[in-house]
Amino acid sequence: MKICEIKPAKLHFNEVYLSNGEKVLLDKDVCAENSLMSDMEIDPDFLEELRFKSDYVRAKSRALWYLDRMDYSEKALYEKLVQKGFDKKASSAVVAKLVELGLLNDRRYAEHLAVKLAEQGNSKRAALQKMLSKGVAYDLAKEVLSETETDEVSRILTLIEKKYSAKLQDPDNFQKVYAALVRRGFSYGDVKTALKKYKEDLEFSEE
């Protein structure tokens, strides 16, 4: 099989036309590194290798672009690349390389996310679900949350101050706030304790 013609294509690609009538898109740098040119004989296995290298180069470039803007778990970044049309094998290789380089680290990601979710007032149950949705493995999420465990009642009180203090000026709204906090994943007992404490503190401050 021969290369009949190489034409510049969109972005960083070349269109490589083959003697069997096939046209493939290859990264321009990959073409240059392998000195591809017209009338060159090319083995099908070597062509597949070039395709993989091309996919890998583009997937890695996009992955670094994503990581420059926000953090990802390994699973989330892999799924993001595949969703954008990158080859699964190349996407997996890119994720593995970024882990090797220390640019991806699920434990580090999970620890930062756990702290952020706690600061936002999420319950442990809600934080676990959000971490799982971000691609953190269940066992790792549970372990990290246990290590960063804080008093749920204190977390609820902080959330009340941020979001519900105005509504709780009216005693008739206590039941509504109670229901809202339970829907956030806090236990009935912790919510009851926190609201009781908040009410007591409010009454004490008004004396």
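# Exercises on a predicted model

The backbone oxygen of Leu 117 lies 2.9 Å from a polar atom in the side chain of Asn 122. The structure is a predicted model, and the exercises below start from this pair.

## Exercise 1. Asn 122 and its surroundings

Task: Locate Asn 122, decide whether it is buried or exposed, and list its side-chain partners.

Solution.

Step 1. Find the position. Asn 122 sits in the loop that runs between helix 5 and helix 6, the latter spanning 124-133.

Step 2. Classify the accessibility. The relative accessible area of Asn 122 is 6%. The cut-off for buried is under 20%, so Asn 122 is buried.

Step 3. Look for polar partners. One is the backbone oxygen of Leu 117, at 2.9 Å from a polar atom of the Asn 122 side chain. Another is Lys 130, whose side chain makes a polar contact of 2.7 Å with that of Asn 122.

Step 4. List the contacts. Not counting residues up to four places away in sequence, Asn 122 touches Leu 117, Ala 127, Lys 130, Arg 155 and Phe 186.

## Exercise 2. Helix 6

Task: Which residues of helix 6 are buried, and which helices do they pack against?

Solution.

Step 1. Pick out the buried residues of helix 6: Ala 126, Ala 127, Leu 128 and Met 131. Ala 127 also appears among the contacts of Asn 122.

Step 2. Identify the packing partners. The buried residues of helix 6 pack against helix 5 and against helix 7, which covers 138-147.

Step 3. Check what follows the helix. Just after helix 6 comes Gly 135, with a positive phi of about 95 degrees.

Step 4. Repeat the check on helix 9 (residues 174-183). Its buried residues are Phe 174, Val 177, Ala 180, Leu 181 and Val 182. Just after helix 9, Gly 185 has a positive phi of about 110 degrees.

## Exercise 3. Strands 1, 2 and 3

Task: Work out how strand 2 pairs with strand 1 and with strand 3, and describe the turns.

Solution.

Step 1. Take strand 1 (residues 3-8) and strand 2. The two run antiparallel and are joined by 5 bridges. Within this pairing, Lys 7 has Glu 15 of strand 2 as its bridge partner.

Step 2. Describe the turn. Strands 1 and 2 make a hairpin with 4 residues between them, and Leu 11 in the turn has a positive phi of about 50 degrees.

Step 3. Take strand 2 (residues 13-18) and strand 3 (residues 23-27). They too are antiparallel, with 5 bridges. Val 16 stands opposite Val 24 of strand 3.

Step 4. Describe the second turn. There are again 4 residues between the strands of the hairpin, and Gly 21 in this turn has a positive phi of about 90 degrees.

Step 5. Follow Glu 15, a residue of strand 2. Its side chain forms a polar contact of 2.9 Å with that of Tyr 17. Leaving aside neighbours within four places in sequence, Glu 15 is in contact with Glu 5, Ile 6, Lys 7, Ala 9, Lys 23, Val 24 and Leu 25.

## Exercise 4. Two pockets

Task: What are the volumes of the largest pocket and the second largest pocket, and what lines each of them?

Solution.

Step 1. Read the volumes. The largest pocket has about 290 Å³ and the second largest about 210 Å³.

Step 2. Assign the lining of the largest pocket. Its residues are Leu 11, His 12, Phe 13, Leu 25, Asp 55, Arg 58, Ser 61, Arg 62, Lys 84, Gly 85, Phe 86 and Asp 87. Helix 2 (residues 44-67) gives the largest share, 4 residues. By class, the lining has 4 nonpolar, 3 polar and 5 charged residues.

Step 3. Do likewise for the second largest pocket. It is lined by Met 70, Asp 71, Tyr 109, His 112, Leu 113, Lys 116, Leu 117, Gln 120, Lys 130 and Lys 134. Helix 5 (residues 106-119) supplies the largest share, 5 residues. The classes are 4 nonpolar, 2 polar and 4 charged.

Step 4. Connect this with Exercise 1. Leu 117 and Lys 130 are among the lining residues of the second largest pocket, and both are touched by Asn 122.

## Exercise 5. The loop between helix 1 and helix 2

Task: Ser 35 and Asp 39 are in this loop; state the phi and accessibility of each.

Solution.

Step 1. Ser 35 has a positive phi, near 50 degrees, though it is a residue other than glycine. At 44% relative accessible area, Ser 35 is partly exposed.

Step 2. Asp 39, also not a glycine, has a positive phi of about 70 degrees. Its relative accessible area is 58%; exposed means over 50%, so Asp 39 is exposed.

Conventions
Residues are numbered from 1 along each chain as its sequence is written. This is a predicted model: local features need pLDDT of at least 70, side-chain atom pairs count only at pLDDT 80 or more; totals for chains, interfaces and linings use all residues. Side-chain values use heavy atoms; hydrogens and water are left out. On a 1 Å grid over the protein atoms alone, a cavity is a set of points where a 1.4 Å probe fits but cannot get out, and a pocket is an open set with protein on both sides within 12 Å along at least five of seven lines; lining residues have an atom within 4 Å of a point. Grid points are joined across faces, edges and corners, and a volume is the space filled by probe spheres set on the points. Ala, Val, Leu, Ile, Met, Phe, Trp, Tyr, Cys and Pro count as nonpolar, Asp, Glu, Lys and Arg as charged, and the others, Gly among them, as polar. Two strands pair if DSSP finds at least two bridges between them. Buried means under 20% relative accessible area, exposed over 50%, partly exposed in between (1.4 Å probe, protein chains only). A polar contact is a pair of N or O atoms within 3.5 Å; within protein, one must be able to donate a hydrogen and the other to accept it, and residues adjacent in sequence count only if both atoms are side-chain atoms. Contact means heavy atoms within 4.5 Å.
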